Amino acid sequence: MVKANESRLANKLFDPCRVTGGDNGMTLPYQYRSALDTLTPKLNEKIAKAKNQLRELLLTQYPYDFGDENTKSYTLQEVFYRLYDDYVAAERAWSEKQNKNKEALRKIYPDTSEENKALFHKRRVLLHNSETKIAYRVQRQKSFPLYAIIL
C-alpha cells in the first residue's frame, strides 16, 4: 500500500516553489504523451499524394532546344533549372548595368547641391524607366520558355 502511494506521488507534478500546497493536476505520463503528440509530425495523405505527383511531373522527359539547334530529351526539372539559371544571370547583368549607369550619372551630377540632387534623380528615373521597358521586353522573350514550362 505504501509503495503504491509513493508511485502515485512520484507521477504527480508540482509547481516549483518553496512551499507547495498540492500537485498542479498534471501527471508525468500525461505530460510525456502530450509532448510526443505535439512534436511528432502528422502524415497528411493529400500532401503526400501531391508531392508524389510533383516528383513524377519533374522527372518526365521533355525534349528541349536551348538554342544550339540540338533538341535533346531532358527531364522537366533539368530544363526548368537551366532556364532559371539563365534568367538569374540576365537579371544580374541588368542589375550591374543599372549600377554602372547610376555611377555615371553620379559623376555628371555630384551630390553637392540640391539642384544636382534633383537633376540626378530626374535623370535616374527617366533612364531607369526607359531601360526597364526595354529590359522587360528582352527578358520576357528570354524567359518565355520558362513560363511555358511552369504553366
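Start by selecting Asp111 in this predicted model. Asp111 is partly exposed, its relative accessible area being 46%. Now add Lys117, the salt-bridge partner of Asp111. Their closest N and O atoms are 3.8 Å apart. Lys117 has 31% relative accessibility, so this residue counts as partly exposed too.

Keep Lys117 selected and add Glu114. These two form another salt bridge, with the closest N and O atoms 3.7 Å apart. Both residues belong to helix α5, which covers residues 114–150. They are 3 residues apart, about one turn of the helix. Glu114 has a relative accessible area of 60%; exposed means over 50%, so Glu114 is exposed. Show the three side chains together: Asp111, Glu114 and Lys117 are linked in a network of salt bridges.

**The helix α3 bridge**

How many salt bridges does the structure hold? There are 3. To see one of them, go to helix α3, residues 45–58. Select Lys49 and Glu45, whose closest N and O atoms are 3.5 Å apart in a salt bridge. The two lie 4 residues apart, about one turn of the helix. Both Lys49 and Glu45 are exposed.

**The aromatic rings**

Next, show the aromatic side chains. The structure holds 6 aromatic pairs. Select Phe66 and Tyr74, an edge-to-face pair. The ring centres are 5.2 Å apart, with 70° between the planes. Is Tyr74 buried or exposed? Its relative accessibility is 18%; buried means under 20%, so Tyr74 counts as buried.

Widen the selection to Tyr62 and Tyr64. Ring pairs link Tyr62, Tyr64, Phe66 and Tyr74 into a cluster. Then add Arg82. Its charged end sits over the ring of Phe66, 3.8 Å from the ring centre.

Move on to Phe80 and Tyr81. Their ring centres lie 5.5 Å apart and the planes meet at 70°, so this pair is edge-to-face. Phe80 is partly exposed, at 25% relative accessibility. Tyr81 is partly exposed as well, at 45%.

One more ring is worth a click: Phe120. Arg106 lies over the face of Phe120, at 3.7 Å from the ring centre.

**Zoom out**

Clear the selection and switch to a cartoon view. The protein has 5 helices and 2 strands. Along the sequence, they follow the pattern α-α-α-β-β-α-α. Of the 151 residues, 14% count as buried. Turn on the surface: the protein exposes about 12900 Å², and carbon and sulfur atoms supply 57% of that area. Finally, look at contacts between residues at least 6 apart in sequence: 28% of them join residues at least 24 apart.

Technical notes:
Residues are numbered from 1 along each chain as its sequence is written. This is a predicted model: local features need pLDDT of at least 70, side-chain atom pairs count only at pLDDT 80 or more; totals for chains, interfaces and linings use all residues. Side-chain values use heavy atoms; hydrogens and water are left out. Buried means under 20% relative accessible area, exposed over 50%, partly exposed in between (1.4 Å probe, protein chains only). Contact means heavy atoms within 4.5 Å. Accessible areas come from the Shrake-Rupley method with a 1.4 Å probe; for residues, only the protein chains shown count as cover. Rings of Phe, Tyr and Trp (its six-membered ring) pair if their centres lie within 6.5 Å; planes under 30 degrees apart count as stacked, over 60 as edge-to-face and the rest as tilted. A charge sits over a ring if NZ of Lys or CZ of Arg is within 6 Å of the ring centre and within 35 degrees of the ring normal. A salt bridge is a side-chain nitrogen of Lys or Arg within 4 Å of a carboxyl oxygen of Asp or Glu.
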